[in-house]
Structure formats: structure tokens, C-alpha cells
Amino acid sequence: GQIENTRSILLNKAKKLVDTVLHHLDEEEHGFFQQAGKILSDKEKTSLAKQYLKEYDKYKKSDKDALV
């Protein structure tokens, strides 16, 4: 029905938005990390890497389809 059609349209638009945002992040990521590498100390880089890995591990265990 109409609700299913509207849901399908919205889901398709949301997926396109996610793809666009992820593509943009990929482009920006390289430059960001190059700049960060120039201004952060080795100790700061190590600390941030540990924090990232901890958060990434939580993400891998989470429900990736959840909105929150």
C-alpha cells in the first residue's frame, strides 16, 4: 500500500544519504589524519589510537542498524 511505498522511498533516500556522508568522510579522513599526525605528539597519537580501538570494538559488538 501507500505506507509501504512511502517507507521504501524514505529508506532508499536514507541509504543514499548514508552513502554520500560516508564517501565525504572517506575523502576528508586522509587530510585530517595527515594534519593530526603533524601536530600531535607520539604519546597523544598512542592515547587516541587506544581510545579509537576501544570505541571500534564496542561498535563491532553493537547493532549497526540501530539509530542510536
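Which side chain meets Asp 57 in a salt bridge? The partner is Lys 61, with an N to O distance of 3.3 Å. That pair comes back further down, once the overall picture is in place. Keep in mind that this is a predicted model.

## Overall layout

The chain has two helices and zero strands. Its radius of gyration is 18 Å, while the globule rule would give 11 Å for 68 residues, so the chain is more spread out than a compact globule. Line the C-alpha atoms up along the principal axes and they fill a box of roughly 60 × 25 × 10 Å.

Burial is scarce here: just 1% of the 68 residues in the chain count as buried. The accessible surface adds up to about 6,800 Å², and carbon and sulfur atoms hold 59% of that. As for charge, there are 13 positive and 12 negative ones, and their mean positions sit 4 Å apart.

## Helix 1 and its patches

Helix 1 covers residues 2–39. Two surface patches are worth a look, starting with the nonpolar one. Leu 17, Val 18, Val 21, Leu 22 and Leu 25 together make a nonpolar surface patch of about 450 Å². One of its members, Val 21, has its place in helix 1 and is partly exposed, at 42% relative accessible area.

The other patch is charged. Asp 26, Glu 27, Glu 28 and Glu 29 gather on the surface as a patch of negative charge. Asp 26 belongs to helix 1 and comes out as exposed, because its relative accessible area of 53% is over the 50% cut-off. Glu 27 is also placed in helix 1, but with 49% relative accessibility it is classed as partly exposed. For a sense of distance, take Glu 27 and Leu 10: they are 17 residues apart in sequence, and their C-alpha atoms are 26 Å apart in space.

## Salt bridges in helix 2

How many salt bridges does the count come to? The tally is three. Let's take them pair by pair.

Asp 42 pairs with Lys 45, and their closest N and O atoms are 3.9 Å apart. Helix 2 runs over residues 42–61, and these two are three residues apart in it, so about one helical turn separates them. Asp 42 is exposed at 61% relative accessibility, whereas Lys 45 is partly exposed at 34%.

Glu 55 forms a salt bridge with Lys 58, this time with the closest N and O atoms 3.2 Å apart. Both residues lie in helix 2 with a spacing of three residues, about one turn of the helix. Glu 55 is partly exposed, with 44% relative accessible area, and Lys 58 is partly exposed too, at 48%.

That leaves the pair from the opening, Asp 57 and Lys 61, whose side chains meet at 3.3 Å, N to O. These two residues both lie in helix 2, four residues apart, which is about one turn of the helix. Asp 57 has a relative accessibility of 32% and counts as partly exposed, while Lys 61 is exposed, with a relative accessible area of 67%.

Definitions and conventions
Residues are numbered from 1 along each chain as its sequence is written. This is a predicted model: local features need pLDDT of at least 70, side-chain atom pairs count only at pLDDT 80 or more; totals for chains, interfaces and linings use all residues. Side-chain values use heavy atoms; hydrogens and water are left out. The radius of gyration is taken over C-alpha atoms; the globule rule is 2.2 Å times the number of residues to the power 0.38. Buried means under 20% relative accessible area, exposed over 50%, partly exposed in between (1.4 Å probe, protein chains only). Accessible areas come from the Shrake-Rupley method with a 1.4 Å probe; for residues, only the protein chains shown count as cover. Lys and Arg count as positive and Asp and Glu as negative; His and the chain ends are not counted. The place of a charge is taken as NZ of Lys, CZ of Arg, CG of Asp or CD of Glu. Patches are made of residues with over 30% relative accessible area and no salt bridge: like charges are joined within 9 Å, nonpolar side chains (Val, Leu, Ile, Met, Phe, Trp, Tyr) within 5 Å. A salt bridge is a side-chain nitrogen of Lys or Arg within 4 Å of a carboxyl oxygen of Asp or Glu.
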